Amino acid sequence: MIKARIRPPSFTVRMLPSALTVAAICLGLTAVKMALDNRPTEAMAFLAVAAILDALDGRVARMLNATSKMGEEIDSLADAVNFGVAPAFIVYATLLSHSRIGWIVVLLYAVCIVLRLARFNALLDVDQPAYEKEYFVGMPAPAGAIGAIGPLAAKMQFPGDWWDTPAAEWVVIVWMIVVSLLFLMLISMR
């Protein structure tokens with residue numbers, strides 16, 4: 001009996017968008033590692049490159065006519081990791097690790113971004129009434145990630161003892177709660 005050789009599928013150009021998305025996930029998770037290793041500059045750099053890849057993957061897919069349902073799902077998961085989980089861990093590791101409620105605050109942020117992404121994905125397949133375009137349906141995930149790491153960027157730009165005070169902790173906590181709630185806002189644009 002002759003056994004047929006099973007060859008793995010070769011990499012094609014159509015796989016490039018998904019490869020970019022997977023690379024973005026790897027960079028987002030590496031950003032978390034950098035934050036846990038007390039390397040905030042590198043953490044923010046890895047997160048920025050992940051965001052750039054996130055912006056490119058869909059464009060590349062459309063250019064190559066390589067869009068797919070699988071690619072859409074991977075992209076959504078990448079958004080949850082790169083703009084939800086990674087910023088939450090970065091803020092926790094660099095600014096809120098000594099806070100009694102810091103973990104709860106970053107969990108709120110991550111959950112709100114996942115809920116925002118789920119709502120966005122659920123509305124993709126539904127015909128929306130015309131008036132829906134007149135509503136702000138929550139801050140986009142990449143903008144939220146920028147907002148979340150804003151206090152860390154401020155700390156790096158303006159270092160000082162103030163960042164070790166209870167007042168700074170509460171400013172960061174309130175900031176994170178506000179950013180989290182902006183994902184779920186439904187505001188009339190009239």
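The chain holds 6 helices and 2 strands, and the model examined here is a predicted one. Read from the N terminus, the order of elements is α-α-α-α-β-α-α-β. Among the 190 residues of the chain, 35% count as buried. Contacts with a separation of 6 or more come to 79% from residues 24 or more positions apart. The accessible surface amounts to about 11900 Å², and carbon and sulfur atoms supply 68% of this area.

Helix 4 makes a convenient place to look inside. This helix covers residues 102-124. With 23 residues at 1.5 Å each, helix 4 should span 33 Å, and the 34 Å between its end C-alpha atoms agrees with that expectation. Its buried residues are Gly 102, Val 105, Val 106, Tyr 109, Ala 110, Cys 112, Ile 113, Arg 116 and Leu 117. The partners against which these buried residues pack are helix 3, helix 5 (141-157) and helix 6.

Helix 6 also appears at the surface. A nonpolar patch there is formed by Ile 101, Ile 104, Trp 170, Val 174 and Val 178, with about 470 Å² of accessible area together. Helix 6 (residues 166-182) provides the largest share of this patch, 3 residues. Ile 101, another member of the patch, sits in the loop between helix 3 (69-96) and helix 4. The relative accessibility of Ile 101 is 32%, so this residue counts as partly exposed; the class lies between the buried limit of under 20% and the exposed limit of over 50%.

Terms used:
Residues are numbered from 1 along each chain as its sequence is written. This is a predicted model: local features need pLDDT of at least 70, side-chain atom pairs count only at pLDDT 80 or more; totals for chains, interfaces and linings use all residues. Side-chain values use heavy atoms; hydrogens and water are left out. Patches are made of residues with over 30% relative accessible area and no salt bridge: like charges are joined within 9 Å, nonpolar side chains (Val, Leu, Ile, Met, Phe, Trp, Tyr) within 5 Å. Accessible areas come from the Shrake-Rupley method with a 1.4 Å probe; for residues, only the protein chains shown count as cover. A salt bridge is a side-chain nitrogen of Lys or Arg within 4 Å of a carboxyl oxygen of Asp or Glu. Helices (H or I, at least four residues) and strands (E, at least two) are DSSP runs, numbered from the N terminus. Buried means under 20% relative accessible area, exposed over 50%, partly exposed in between (1.4 Å probe, protein chains only). The expected span of a helix is 1.5 Å times one less than its number of residues. Contact means heavy atoms within 4.5 Å.
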